[in-house]
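Let's take a walk through a protein model together, one step at a time. Keep the picture at hand and turn it as you read.

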Amino acid sequence: MSTLKPFLIELAWLLLALAISFLLAVYSVNWRFEDEIVFHFYDTYYVITFWMFILPLFSSICFILFLLKEIRNRFGKAL
(Lines give C-alpha, C1' and ligand atoms only; values in the text may rest on other atoms or scores of the structure.)
Protein backbone atom coordinates (compact mmCIF):
# COMPACT_ATOMS: atom_id res chain seq x y z
CA MET A 1 0.00 0.00 0.00
CA SER A 2 2.89 2.37 0.68
CA THR A 3 4.07 2.20 -2.95
CA LEU A 4 0.56 2.70 -4.29
CA LYS A 5 -0.16 5.96 -2.45
CA PRO A 6 2.51 8.14 -4.20
CA PHE A 7 1.42 6.72 -7.56
CA LEU A 8 -2.20 7.64 -6.90
CA ILE A 9 -1.21 11.13 -5.75
CA GLU A 10 0.80 11.75 -8.94
CA LEU A 11 -2.04 10.33 -11.02
CA ALA A 12 -4.42 12.77 -9.33
CA TRP A 13 -2.07 15.67 -10.18
CA LEU A 14 -1.96 14.56 -13.83
CA LEU A 15 -5.74 14.30 -13.98
CA LEU A 16 -6.00 17.77 -12.46
CA ALA A 17 -3.64 19.12 -15.12
CA LEU A 18 -5.68 17.42 -17.83
CA ALA A 19 -8.92 18.87 -16.48
CA ILE A 20 -7.43 22.37 -16.30
CA SER A 21 -6.16 22.01 -19.89
CA PHE A 22 -9.57 20.98 -21.19
CA LEU A 23 -11.32 23.78 -19.31
CA LEU A 24 -8.87 26.35 -20.65
CA ALA A 25 -9.29 24.98 -24.17
CA VAL A 26 -13.07 25.12 -23.93
CA TYR A 27 -13.24 28.64 -22.52
CA SER A 28 -10.28 30.31 -24.23
CA VAL A 29 -10.96 29.40 -27.86
CA ASN A 30 -14.64 28.53 -27.52
CA TRP A 31 -14.02 24.91 -28.51
CA ARG A 32 -17.20 22.89 -29.04
CA PHE A 33 -15.83 19.31 -28.83
CA GLU A 34 -15.02 19.06 -32.50
CA ASP A 35 -11.83 17.79 -34.11
CA GLU A 36 -10.51 21.20 -35.01
CA ILE A 37 -10.05 24.65 -33.55
CA VAL A 38 -10.56 27.67 -35.77
CA PHE A 39 -8.80 31.00 -35.25
CA HIS A 40 -9.79 34.16 -37.13
CA PHE A 41 -7.11 36.85 -37.41
CA TYR A 42 -8.33 39.75 -39.53
CA ASP A 43 -8.22 38.30 -43.04
CA THR A 44 -6.48 35.02 -42.14
CA TYR A 45 -8.23 31.81 -41.16
CA TYR A 46 -6.25 29.20 -39.16
CA VAL A 47 -7.52 25.68 -38.58
CA ILE A 48 -5.56 23.36 -36.29
CA THR A 49 -6.38 20.01 -34.77
CA PHE A 50 -7.42 19.92 -31.16
CA TRP A 51 -4.37 17.92 -30.04
CA MET A 52 -1.96 20.48 -31.50
CA PHE A 53 -3.52 23.00 -29.13
CA ILE A 54 -4.09 20.88 -26.04
CA LEU A 55 -0.72 19.07 -25.89
CA PRO A 56 1.47 22.18 -25.38
CA LEU A 57 -1.13 23.55 -22.99
CA PHE A 58 -1.13 20.29 -20.99
CA SER A 59 2.68 20.21 -20.91
CA SER A 60 2.87 23.79 -19.69
CA ILE A 61 0.30 23.20 -16.96
CA CYS A 62 2.09 20.01 -15.85
CA PHE A 63 5.36 21.92 -15.60
CA ILE A 64 3.76 24.76 -13.61
CA LEU A 65 2.08 22.31 -11.22
CA PHE A 66 5.34 20.40 -10.78
CA LEU A 67 7.22 23.61 -10.10
CA LEU A 68 4.65 24.73 -7.52
CA LYS A 69 4.77 21.33 -5.80
CA GLU A 70 8.57 21.38 -5.64
CA ILE A 71 8.73 24.97 -4.43
CA ARG A 72 6.43 23.92 -1.60
CA ASN A 73 8.81 21.00 -0.81
CA ARG A 74 11.86 23.24 -1.35
CA PHE A 75 13.22 20.81 -3.96
CA GLY A 76 14.05 18.37 -1.15
CA LYS A 77 12.64 15.16 -2.65
CA ALA A 78 15.10 12.56 -3.89
CA LEU A 79 14.54 11.12 -7.34
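Before we start, one definition will help: a residue is called buried when its relative accessible area is under 20%, exposed when that value is over 50%, and partly exposed in between. We will come back to these words several times.

What you have in front of you is a predicted model. The predictor attaches a confidence called pLDDT to each residue, on a scale from 0 to 100. For this protein the mean pLDDT is 83, and 90% of the residues reach 70 or more. The confidence varies between elements: helix 2 has the highest mean pLDDT, 88, while strand 1 has the lowest, 77.

Now for the overall plan. How many helices and strands does the protein have? There are two helices and two strands. If you follow the chain from the N terminus, you meet them in the order α-β-β-α. Of the 79 residues in the protein, 16% are buried.

Let's look at the middle of that order, at the two strands. Strand 1 covers residues 36–41 and strand 2 covers residues 44–49; the two run antiparallel and are joined by six bridges. To find your way along this pairing, look for His40, which stands opposite Tyr45 in strand 2. Together the strands form a hairpin, with two residues between them.

Tyr42 is worth a stop here. This residue sits in the loop between strand 1 and strand 2. Most residues other than glycine have a negative phi. Tyr42 is not a glycine, and yet its phi is positive, at about 50°. Is Tyr42 buried or exposed? Its relative accessible area is 89%, so Tyr42 counts as exposed.

Next, move on to helix 2, which spans residues 50–72 and contains Leu68. Phe63 has its place in helix 2 as well. Leu68 is exposed because its relative accessible area is 53%, and Phe63 is exposed too, at 52%. Both belong to a nonpolar patch on the surface, made up of Phe63, Ile64, Phe66, Leu67, Leu68, Ile71 and Phe75. Taken together, these residues have about 720 Å² of accessible area. Phe63 also shows how the fold brings parts of the chain together: Ala17 is 46 residues away from Phe63 in sequence, but their C-alpha atoms are 9.4 Å apart in space.

Our last stop is a pair of charged side chains. The structure holds one salt bridge. Which residues form it? The side chains of Glu10 and Lys69 meet there, with 3.0 Å from N to O. This pair links distant parts of the chain, since Glu10 lies in helix 1 (residues 4–28) and Lys69 in helix 2, 59 residues apart. The contact between the side chains of Lys69 and Glu10 also counts as a polar contact, at 3.0 Å.

Here the opening definition comes in handy. Lys69 has a relative accessibility of 9%, which is why Lys69 counts as buried. Its partner Glu10 has a relative accessible area of 38%, so Glu10 is partly exposed. As you turn the model one more time, try to find the hairpin formed by strand 1 and strand 2, the nonpolar patch with Phe63 and Leu68 among its members, and the salt bridge between Glu10 and Lys69.

How values were computed:
Residues are numbered from 1 along each chain as its sequence is written. This is a predicted model: local features need pLDDT of at least 70, side-chain atom pairs count only at pLDDT 80 or more; totals for chains, interfaces and linings use all residues. Side-chain values use heavy atoms; hydrogens and water are left out. Two strands pair if DSSP finds at least two bridges between them. Helices (H or I, at least four residues) and strands (E, at least two) are DSSP runs, numbered from the N terminus. Patches are made of residues with over 30% relative accessible area and no salt bridge: like charges are joined within 9 Å, nonpolar side chains (Val, Leu, Ile, Met, Phe, Trp, Tyr) within 5 Å. Accessible areas come from the Shrake-Rupley method with a 1.4 Å probe; for residues, only the protein chains shown count as cover. A salt bridge is a side-chain nitrogen of Lys or Arg within 4 Å of a carboxyl oxygen of Asp or Glu. Buried means under 20% relative accessible area, exposed over 50%, partly exposed in between (1.4 Å probe, protein chains only). A polar contact is a pair of N or O atoms within 3.5 Å; within protein, one must be able to donate a hydrogen and the other to accept it, and residues adjacent in sequence count only if both atoms are side-chain atoms.
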